[in-house]
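Q: I am new to this structure and would like to learn how to read its features one at a time. Where should we begin?
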Amino acid sequence: MSQGSVVGSSEVDIHHHFVWGTEEEAMSTVLAEFEERTGATVTEERTVINSLRLMIKSRILQEDPPDVWDEWPGANLRPTVEAGATADITEVWEAEGMDRAYFDGMAEAARFDGEYHAVPLDIYRISNLYYNVEYFEAAGVDPSRLSDPTELVEALPALAEVAEYPFAVFGRNPYGLLQLWETLLLGHGGASVYEAVIDGGAAAHRGVIRQAFATLGALLEFGPDNPEFLDSADVDGDFSDGRVGCINNGSWTTGHMASSEMEFERDWNCVPFPGTAGTPIVNTNAIVPAAGAMDDETVREFVEYISDAETIERFNVISGSVPPRSDVSVGELHPLSRQLHEQFGGSDAQLPSMCHGLAVGPTEVVELKDAVATFLADRDPDAAADIVVDALS
């Protein structure tokens, strides 16, 4: 896009969930830059992620959708695409070479029946183990040598000797439990089982599904009481304050840790969750234009701007996330984000997250959240496995 282009008083209406921390700063920066470059006005409506989808659906039903909004693509977005509520932006993807630049898993999440309907902004590895270097060294545990989730559980008693809590899980929103459960499913069963489960074969793998819940229960025993009162920010804060030996969270935690007093590699580090190396579970946030919105010159220019490699780089440098394109400069990224970017480029597969809607649709996500919330209350792996099998078979 030409940096000298001027669109006058034209306006773009965007609805997004980047409401706090480095993500808010990143989105505010790129929107302000678009306004400065074009002279256009960006009208923002910002809503927390849990409410965003309902508000977008309401506006679509009222035939008044925003010009663009942010959304989890993949299976989560398919019902909206099939309802004809989103624009086909294949022309932009092909003209800008995006189909060659984006990592395969990200392009697949944005593509529906051969057409592109979204622009991924970032890529997050879900299957992480963030760990306190001092505590693991004191316990004599090398996290990179743990081969599966069972070995992690077996290492936690030694961590309990040095850390207030060896492991922490957040359950205020069930997604904390759910993303850990799907990570455990991958760690115990491998990529072939994970892919079979998301492709409708859950019944055939009930044993591994149950095993993942049993391990989830074991991990909960080593964490704070009442995890149902903890959210992602609470657990990240407890980790950066030194109360917790290790956590599982998406790589957005890197942004939090970069602003903490702990130093990367000296005080904290991150490895693939035991059993998941080489086949990461991933999530992405994507910009979605409404059907018909691309007929507006300013909206089209905005979609081209937001998909540009330089914009993607800038957004991710500020937010602490990882660019989903292979052709961006990574020199200004956090060192861990640079490592992840390289790993995504060389990974055998990028497995779509169930928890974050890339792998399964909105109804299934609700049912899976019910499974982990029920498990948190009763700690019954058999009952939870039954819910998952019913939801995904």
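A: Begin with polar contacts: a polar contact is a pair of N or O atoms within 3.5 Å, where one can donate a hydrogen and the other can accept it. Keep in mind that this is a predicted model. In it, the side chain of Asp122 reaches the backbone nitrogen of Asn285 at 2.8 Å.

Q: Where in the chain is Asp122, and which residues does Asp122 touch?
A: Asp122 sits in the loop between β6 (119-120) and β7 (124-125). Leaving aside residues up to four places away in sequence, its contacts include Met106, Asn283, Thr284, Phe315 and Pro324.

Q: Which side chain of opposite charge is nearest to Asp122?
A: Side chains of opposite charge can pair when their charged atoms come close. Asp122 is buried but has no salt bridge, and the nearest side chain of opposite charge, Arg53, is 11 Å away. The charged end of Arg53 sits over the ring of Trp72, 3.9 Å from its centre.

Q: How many salt bridges does the whole structure have?
A: A search finds 20. One of them joins Arg46 and Glu24, with the closest N and O atoms 3.0 Å apart. Arg46 lies in strand β2 (residues 41-46) and Glu24 in helix α1 (residues 21-38), so this bridge ties together parts 22 residues apart in sequence. Arg46 is partly exposed, at 40% relative accessible area, and Glu24 is partly exposed too, at 24%.

Q: What does Glu45 pair with?
A: Glu45 forms a salt bridge with Arg59, and the closest N and O atoms are 3.5 Å apart. Since Glu45 is in strand β2 and Arg59 in helix α2 (residues 49-61), the pair ties together parts 14 residues apart in sequence. Glu45 has a relative accessible area of 30% and is partly exposed. Arg59, at 15%, counts as buried, because the limit for buried is under 20%.

Q: Which residues belong to the network of salt bridges that share partners?
A: Another bridge comes before that: Arg243 pairs with Glu164, the closest N and O atoms being 3.0 Å apart. Arg243 is in the loop between α11 and β10, and Glu164 in the loop between α8 (149-160) and β9, so the pair ties together parts 79 residues apart in sequence. As for the network, shared partners join Asp13, Glu45, Arg59 and Asp64.

Q: Is helix α11 mostly covered or mostly open?
A: Helix α11 (residues 232-240) is mostly covered, with seven of its nine residues buried. Among the buried ones are Val235, Asp236 and Phe239. The elements that the buried residues pack against include β8 (128-132), α9 (175-198) and β11 (268-272).

Q: What is found at the ends of α11?
A: At the N-terminal end, Asp231 acts as a cap, with a side-chain oxygen 3.2 Å from the backbone nitrogen of Ala233. After the helix comes Gly242, whose phi is positive, near 85 degrees.

Q: How many aromatic pairs are there in the whole structure?
A: A search finds 14. The ring centres of Tyr124 and Trp252 are 5.3 Å apart and their planes are at 70 degrees, so this pair is edge-to-face. The two are 128 residues apart: Tyr124 is in strand β7 and Trp252 in the loop between β10 and α12. A tilted pair is formed by Phe302 and Tyr305, at 6.4 Å centre to centre and 45 degrees between the planes. These two residues are part of one aromatic cluster with Phe34.

Notes: Residues numbered from 1 in each chain as written. Predicted model: local features only at pLDDT ≥ 70, side-chain atom pairs only at ≥ 80, totals over all residues. Heavy atoms only, no water. Helix = DSSP H or I, 4+ residues; strand = E, 2+ residues; numbered from the N terminus. Buried < 20%, exposed > 50% of the residue type's maximum accessible area, 1.4 Å probe, protein only. Lys, Arg positive; Asp, Glu negative; His and termini not counted. Salt bridge = Lys/Arg side-chain N within 4 Å of Asp/Glu carboxyl O. Contact = heavy atoms within 4.5 Å. Phe/Tyr/Trp six-rings, centres within 6.5 Å; stacked < 30°, edge-to-face > 60°. Lys NZ or Arg CZ within 6 Å of the ring centre and 35° of its normal.
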